[in-house]
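Please read through the structure shown here with the text beside it. The paragraphs go from one residue to the whole chain, and then from helix to helix.

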Amino acid sequence: MYEDPEQTAKQICLTALTGASRSRKQLADLLASRDIPDDVSAAVLDRFSEVGLVDDAAFAAAWVSSRQSARGLSRRALSHELRAKGVDPDVASVALEAVDPQDEWDTARALVARKVPGMRRLDTATATRRLTGMLARKGYGMGLAAWVVREALEADGKDEDAAAEADDGAPDTAGAEPVVRRGLWSGRPLDEESGAEVGEGLTVDGYARTRSPARRPGGFGRR
């Protein structure tokens, strides 16, 4: 037994509250695990409630705000977590009013949008199953999850089709250097009007005419 159970209980609660808020139920369970008598625990927690150190309404509001924004949890999942923390259902209901139905749709869409790019290598059925499963684990109903996932996959498919069509289009030649015709033999630029090689006055035909005629068959030693 503790020499001063009340003082010990106060110290335990203050340490637990450092850097994080706790529900009254969480603190009561902690004190019980440290063998603080129930009557002492109740008295200390009542005192902490009077001075605002224990406030389940504030705890629930902060919990809903942080978990909904950081984890994207639905109202259903948040309600389950608050119940596990020992928050009274009426108190939890007030805190959950901060999350309206549109918030849930927007959050679900954002969660799926972040995952879709990594699903492109999968077939539609597999991607749908994984995305709806992810939303289900965060407490979203199957109806909402199926709608949001189908919407996201269809939109992503249209974006990929548009990108593919753009890639298949005619190349953009704006700003490209003009094509220079060059002589077949010398590689020098050709004059656009005459077709002659610039600086040489020699065309392909002219080049052919300047070549030595081929020796006729049987010409060697012929009279």
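Is alanine 146 buried, partly exposed or exposed? The model is a predicted one, and in it alanine 146 has a relative accessible area of 32%. Buried would require a value under 20% and exposed a value over 50%, so alanine 146 counts as partly exposed. The residue lies in helix H9. Its C-alpha atom is separated by 8.7 Å from that of leucine 131, although the two residues are 15 apart along the chain.

The chain as a whole can be described briefly. It has ten helices and zero strands, so the order of elements from the N terminus on is simply α-α-α-α-α-α-α-α-α-α, by the definition of helices and strands used here. The protein chain holds 223 residues, and buried residues make up 28% of them. Take the contacts between residues at least 6 apart in sequence: 52% of these join residues at least 24 apart.

The helices at the start of the chain come next. Two packed helices are described by the angle between their axes and the distance between the axes. For helix H1 (residues 5-17) and helix H2 (residues 24-33), the axes come within 10 Å and cross at roughly 130 degrees. H1 and H2 are therefore oblique to each other. Their crossing is right-handed. On the H1 side the contact is made by Ala9, Ile12, Cys13, Ala16 and Leu17, and these meet Leu27, Leu30 and Leu31 in H2. Sorted by kind, the residues of this contact are eight nonpolar, no polar and no charged.

After H2 the chain enters a loop that leads to H3, and aspartate 35 is found in this loop between H2 and H3. Aspartate 35 is exposed, with a relative accessible area of 58%. Its phi is near 65 degrees, which is a positive value in a residue other than glycine.

H1 also packs against H3. The axes of H1 and H3 come within 9 Å and cross at roughly 50 degrees, and the two helices are therefore oblique to each other. H1 passes H3 in a right-handed crossing. From H1, the residues Pro5, Glu6, Ala9, Lys10, Cys13, Leu14 and Leu17 meet Val40, Val44, Leu45 and Phe48 of H3. This contact divides into nine nonpolar residues, no polar ones and two charged ones.

One residue of that contact can be followed individually. Valine 40 has its place in helix H3 (residues 38-50). With a relative accessible area of 17%, valine 40 is buried, because buried means under 20%. Apart from neighbours within four places in sequence, valine 40 is in contact with Pro5, Glu6 and Ala9. Valine 40 and lysine 10 are 30 residues apart in sequence, while their C-alpha atoms are 9.8 Å apart in space.

Further along the chain there is a contact between helix H4 (residues 56-71) and helix H6 (residues 89-96). The axes of H4 and H6 come within 9 Å and cross at roughly 40 degrees. That angle makes H4 oblique to H6. The crossing is right-handed. In H4, Asp56, Ala57, Ala60, Ala61 and Val64 take part, and they meet Val91, Ala95 and Leu96 in H6. The residues of this contact are seven nonpolar, no polar and one charged.

The last part of the tour concerns the nonpolar core. Which residues touch the most other members of the largest nonpolar core? Of its 16 residues, these are Ala108, Val112, Leu131, Met134, Leu135 and Tyr140. Three helices each supply at least two residues of this core: H7 (101-115), H8 (124-137) and H9 (142-168). The largest share, five residues, comes from H9.

Leucine 135 shows how parts of the chain meet here. Not counting residues up to four places away in sequence, leucine 135 touches Ala108, Leu111, Val112, Tyr140, Ala145 and Val149. Leucine 131, already met as the residue paired with alanine 146, is among the core members that touch the most others.

Notes: Residues are numbered from 1 along each chain as its sequence is written. This is a predicted model: local features need pLDDT of at least 70, side-chain atom pairs count only at pLDDT 80 or more; totals for chains, interfaces and linings use all residues. Side-chain values use heavy atoms; hydrogens and water are left out. A nonpolar core is a set of buried Ala, Val, Leu, Ile, Met, Phe, Trp, Tyr and Cys residues joined through side-chain atoms within 4.5 Å. Buried means under 20% relative accessible area, exposed over 50%, partly exposed in between (1.4 Å probe, protein chains only). Helices (H or I, at least four residues) and strands (E, at least two) are DSSP runs, numbered from the N terminus. Contact means heavy atoms within 4.5 Å. Axes are lines fitted to C-alpha atoms, for helices over the stretch in contact, and angles run from 0 to 180 degrees between N-to-C directions. Angles under 35 degrees count as roughly parallel, over 145 as roughly antiparallel, 65 to 115 as roughly perpendicular and the rest as oblique. A crossing is left-handed if the near helix is turned anticlockwise from the far one by less than a right angle, and right-handed if clockwise. Ala, Val, Leu, Ile, Met, Phe, Trp, Tyr, Cys and Pro count as nonpolar, Asp, Glu, Lys and Arg as charged, and the others, Gly among them, as polar.
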